[in-house]
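I set out to record what can be looked up about the empty space inside this structure and about the sheet beside it. The entries below follow the order in which I went through them.

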Amino acid sequence: MQIIADVGGIPGKDCKGFCKYCYFRKVKEQDPLGCRYCTPGTVGCESCTTGIREVKNEFIHPFMVVGSVQNSLMMGDITDKNLKVNISGGGDVSCYPHLMEVAGALNQFNLPMHLGYTSGKGIENSKMAEELISLGVDEVTFTVFSTDQKMREEWVGDTTKGESLKALKLFCESTEVHAASVIVPGVNDGEKLYETCSTLEDWGAKAFILMRFANFRNQGLILGNEPILEGITPHSLEEFETLVHNINKDFNFRVTGTPLCDPENDTPFAISKEKNSKYLDILTDVTSEATILTSSIAAPFIEKIIKRIDADDLVNVVAVDQDIGCLITQRDLKEVDLKDLKETVLIPGRALVHDKMAHDILSSDGIDRIVARGPDKLSVDGEMSGTLSREDVLKKELIAFEDLLEAINFFGVRKK
Ligand code: SF4
């Protein structure tokens, strides 16, 4: 278990300027999206306005950061032998001005620390890495983009003259490093990616997370900020999946991709694989009729599972033109062909739509539908998957799918 020591921070502002590929770049003020936290009569709340834009998440005073960890320790299961403190924030923890002070104070709890998210831009002297390691940091998640300093200068805005990369090497040698790169076609893919992977492998990185660059609204840029980079077409999902498999085959560290795939754990939706179909026997029988409205990435996997459990006579799956379920908005619902929907519709638990708006849009053909939310997540993303065992992944997915089926039986029109 990891206790989060949230240091706050605003993307772009608290990480020494925007990386060129940052998804928070060009974010615009626009009408509230609406979400499940909004009050029944109002579209828009803190969560789906300033929260999602992360524009008010200033750095937090070190005293408060340490205090919140202390509280969690007092209330949590301190006998967990895997307990760790994850120092993380909205910007980049290496730019948090009180990082050493917080790490020093947390050191007194005698727990290992994970540097949750850093691009290394705040590491002006690699000695900082040595100090953090001596204070107990034993795990680091580092967005490297490339191990070519010039490329980091141009794309990440790294002004540390190579100190951040030296620090990454030190971290790789002494801690568990999960390196990550947003893969921009024609920039840090191809030969450049292989160079980066070779260097990381030589240094001893434990894992590498490839993140597909997104540039369009239907790839998740829902804050009026598409395109992030003019003239760049991101990898298709098939191209990206092949890339992840190739890197996994050619290098000796754990490789995962996001929004897909994990070659080892078979996520997302490991339970949709033929070899795991035996586990589906434990799921509840479907007795009611409903439509699962979901993302374009999840839909084919969910459809496969529904067929495997013989529920396709009662349940159909409809995809909207949005890659990620949690980023489905009103606009995506408006584009759905309502003829495809049954009288009960399950939308993703975290979809960014106000409940009443979702009902009104999906009932606009005159059929008064029940619109309910399914579980928050049905699978795990590449970042999470790389830290879980195969069994843990299957367990998580089965629990989530069971919740979905129970919601269908509860909200759907009973047929059996
Ligand atoms: S460090 Fe991360 S949050 Fe900051 S600009 Fe770069 S990608 Fe965005």
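Entry 1, cavity lining by class. I sorted the residues that line the largest cavity and found three nonpolar, four polar and two charged ones. I note at the outset that the model is a predicted one.

Entry 2, cavity residues. I listed the lining by name: H178, A207, F208, I209, R254, T256, E383, G386 and T387. I then asked which elements give two or more residues to this lining. They are β6 (207-212) and β7. Of the elements, β6 gives the most, with three residues.

Entry 3, cavity volume and count. I read off about 40 Å³ of space for the largest cavity. A search for cavities of 30 Å³ or more returned one in the structure.

Entry 4, domains at the cavity. I checked the lining against the domain assignment, which gives domain 1 as 2-258 and domain 2 as 270-414. Each of the two domains supplies at least three residues to the lining of the largest cavity.

Entry 5, second largest pocket. I turned from the cavity to the pockets and noted a volume of about 160 Å³ for the second largest pocket. Its lining consists of 13 residues. Which of them lie nearest the centre of the pocket? I found Q30, L33, R217, I222 and R331 there. By class, I recorded four nonpolar, five polar and four charged residues in the lining of this pocket. Here too I looked up the domains: domain 1 (2-258) and domain 2 (270-414) each contribute at least three residues to the lining of the second largest pocket.

Entry 6, the sheet. I traced the strand order next, since β6 and β7 had come up at the cavity. The sheet is open and has seven strands, ordered β1-β2-β3-β4-β5-β6-β7, with parallel pairing. Its edges are β1 (2-6) and β7 (254-258), each of which pairs on one side only. I noted an average turn of 20° between neighbouring strands of this sheet, with direction ignored.

Entry 7, one strand pair. I examined β2 (residues 84-88) and β3 (residues 113-118), which run parallel and are joined by three bridges. Within this pair I asked what stands opposite V85 in β3. The residue is M113.

Entry 8, a helix on the sheet. I closed with helix α3 (residues 99-107), which lies across β1, β2 and β3. I recorded an angle of about 155° between α3 and β3.

Technical notes
Residues are numbered from 1 along each chain as its sequence is written. This is a predicted model: local features need pLDDT of at least 70, side-chain atom pairs count only at pLDDT 80 or more; totals for chains, interfaces and linings use all residues. Side-chain values use heavy atoms; hydrogens and water are left out. Two strands pair if DSSP finds at least two bridges between them. Helices (H or I, at least four residues) and strands (E, at least two) are DSSP runs, numbered from the N terminus. Axes are lines fitted to C-alpha atoms, for helices over the stretch in contact, and angles run from 0 to 180 degrees between N-to-C directions. Contact means heavy atoms within 4.5 Å. On a 1 Å grid over the protein atoms alone, a cavity is a set of points where a 1.4 Å probe fits but cannot get out, and a pocket is an open set with protein on both sides within 12 Å along at least five of seven lines; lining residues have an atom within 4 Å of a point. Grid points are joined across faces, edges and corners, and a volume is the space filled by probe spheres set on the points. Ala, Val, Leu, Ile, Met, Phe, Trp, Tyr, Cys and Pro count as nonpolar, Asp, Glu, Lys and Arg as charged, and the others, Gly among them, as polar. Domain bounds come from an automatic or database domain assignment.
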